[in-house]
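Subject: A structure to look through

Hello,

I am passing on a structure that you have not seen before. Please open it alongside this message and follow the names as you read.

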Amino acid sequence: MNNKFSISEIDGINLVNKDMENVLSVGISTNGNAELEMLSRNDNLFIIGTTIDKKGIENTKRIVSDKKIENRFILKLEDVREKDIYEDKSFDYIYARLVLHYLNDKELLDVLKEFRRILKDNGLLYIVVRSDKCDEYINNLIKYDEKTGLSEHVTFTGNIDKRRFHNYETISKAITGAGLNIKSIKDYDEELFADYERTIPVSVRNNLIEVVCFK
Ligand SMILES: C[S@@+](CC[C@H](N)C(=O)[O-])C[C@H]1O[C@@H](n2cnc3c(N)ncnc32)[C@H](O)[C@@H]1O
């Protein structure tokens with residue numbers, strides 16, 4: 001595999017197997033690289049990729065159109081918090097890397113319940129969220145809201161951002177609370193980059209929690 005992928009992408013891509021047909025990727029990146037790699041591994045795979053990034057989706061659409069795979073990789077402007085869009089048991093695999101930490105605790109629980117509904121019985125859900133071991137949480141915290149779980153903090157670029165920095169307990173509680181099971185859970189540091197091309201590493205610590213879930 002191309003070394004442009006980070007560990008948390010490789011682990012998620014490696015969960016795709018030959019028996020899978022329908023994948024939902026929520027909060028896709030602007031280049032869609034992970035999804036393109038999944039499609040290259042299984043000719044029968046069909047992916048729906050969603051995001052709320054209006055500008056970013058145009059770039060992804062261009063890439064998909066250049067590769068002439070619009071019939072296998074459908075892109076939609078869609079908020080992961082929207083409900084009742086898909087039929088019960090529609091997906092073999094849901095890929096949610098670095099997106100669910102934007103949700104507050106109540107929204108996360110609702111989204112996970114919806115994922116459970118739309119996952120096939122033998123389906124898998126892959127979650128990667130940032131953890132409370134991140135430097136931005138430990139050193140740059142402005143405000144933590146106990147009711148929502150959301151933190152306001154200064155990012156490494158100096159902006160103010162809102163996010164749920166999870167630990168094993170908070171993410172596990174949401175997953176099991178939604179009726180899903182945890183197959184594996186681990187955390188590790190992963191480099192952050194200041195640019196989309198991933199050429200300028202950032203020196204702050206970025207720690208991720210990766211969870212593989214099943215129904
Ligand atoms: C940090 S990027 C991660 C992109 C990609 N999943 C990856 O692994 O590289 C977060 C993405 O999630 C999208 N996003 C944020 N909140 C969202 C929401 N409520 N519903 C859908 N997408 C959302 C952003 O627009 C952005 O495209």
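Below is what was found in it, taken sheet by sheet and then residue by residue.

Please keep in mind that this is a predicted model.

A good place to begin is the open sheet of 7 strands, which runs in the order β3-β2-β1-β4-β5-β12-β9 with mixed pairing. Its edges are β3 (73-77) and β9 (181-189); each has a single partner strand, so one side of each is left without a neighbour in the sheet. From one strand to the next, the twist averages 15°.

Now follow β2 (residues 46-51). With β3, strand β2 pairs in the parallel sense over 5 bridges, and T50 stands opposite K76 in β3. Strand β1 (residues 22-26) also pairs with β2 in the parallel sense, again over 5 bridges. There, L24 has I48 in β2 as its bridge partner. Is β2 covered or left open? Mostly covered, as 5 of its 6 residues are buried.

Two helices are worth finding next. Helix α3 (residues 54-66) lies across β2 and β3, and runs at about 165° to β3. Helix α6 (residues 168-177) packs on the sheet as well, where it touches β5, β9 and β12 (207-214). The direction of α6 makes about 25° with that of β12.

There is a second open sheet, made of 3 strands in the order β6-β7-β8, and its pairing is antiparallel. The edge strands here are β6 (141-144) and β8 (160-163), each pairing on one side only. On average, and ignoring direction, neighbouring strands of this sheet are turned by 20° against each other. Strand β7 (residues 151-154) meets β8 in the antiparallel sense over 4 bridges, and H153 has D161 in β8 as its bridge partner.

On to the interior. The largest nonpolar core holds 44 residues, and the members that touch the most others are V23, I94, A96, L125 and I127. Which strand gives this core its largest share? That is β5 (residues 119-130), with 7 residues. If you would like one residue to click on, try I127: leaving aside neighbours within four places in sequence, I127 is in contact with A96, L100, V211 and C213.

The model also has a ligand, and 17 residues surround it. The closest are G27, S29, D53, V80 and R97. How does this shell divide by residue type? It has 8 nonpolar, 5 polar and 4 charged residues.

Finally, two residues have a backbone angle to look at, and both lie in the loop between β3 and β4 (91-97). D84 has a phi near 60°, a positive value in a residue other than glycine. K89 is not a glycine either, yet its phi is positive at about 50°. Are these two buried or exposed? D84 has 8 other C-beta atoms within 10 Å, and because 12 or fewer counts as exposed, D84 is exposed. K89 has 15 C-beta neighbours inside 10 Å; this is under the 20 needed for a buried residue and over the limit of 12, so K89 counts as partly exposed.

I hope you enjoy finding your way around.

Best wishes

Definitions and conventions:
Residues numbered from 1 in each chain as written. Predicted model: local features only at pLDDT ≥ 70, side-chain atom pairs only at ≥ 80, totals over all residues. Core = buried A, V, L, I, M, F, W, Y, C linked by C-beta atoms within 7 Å. Contact = placed C-beta atoms within 7 Å. Near = placed C-beta within 6 Å. Nonpolar A, V, L, I, M, F, W, Y, C, P; charged D, E, K, R; others polar. Pairing = 2+ DSSP bridges. Axes fitted to C-alpha atoms, helices over the stretch in contact; angles between N-to-C directions.
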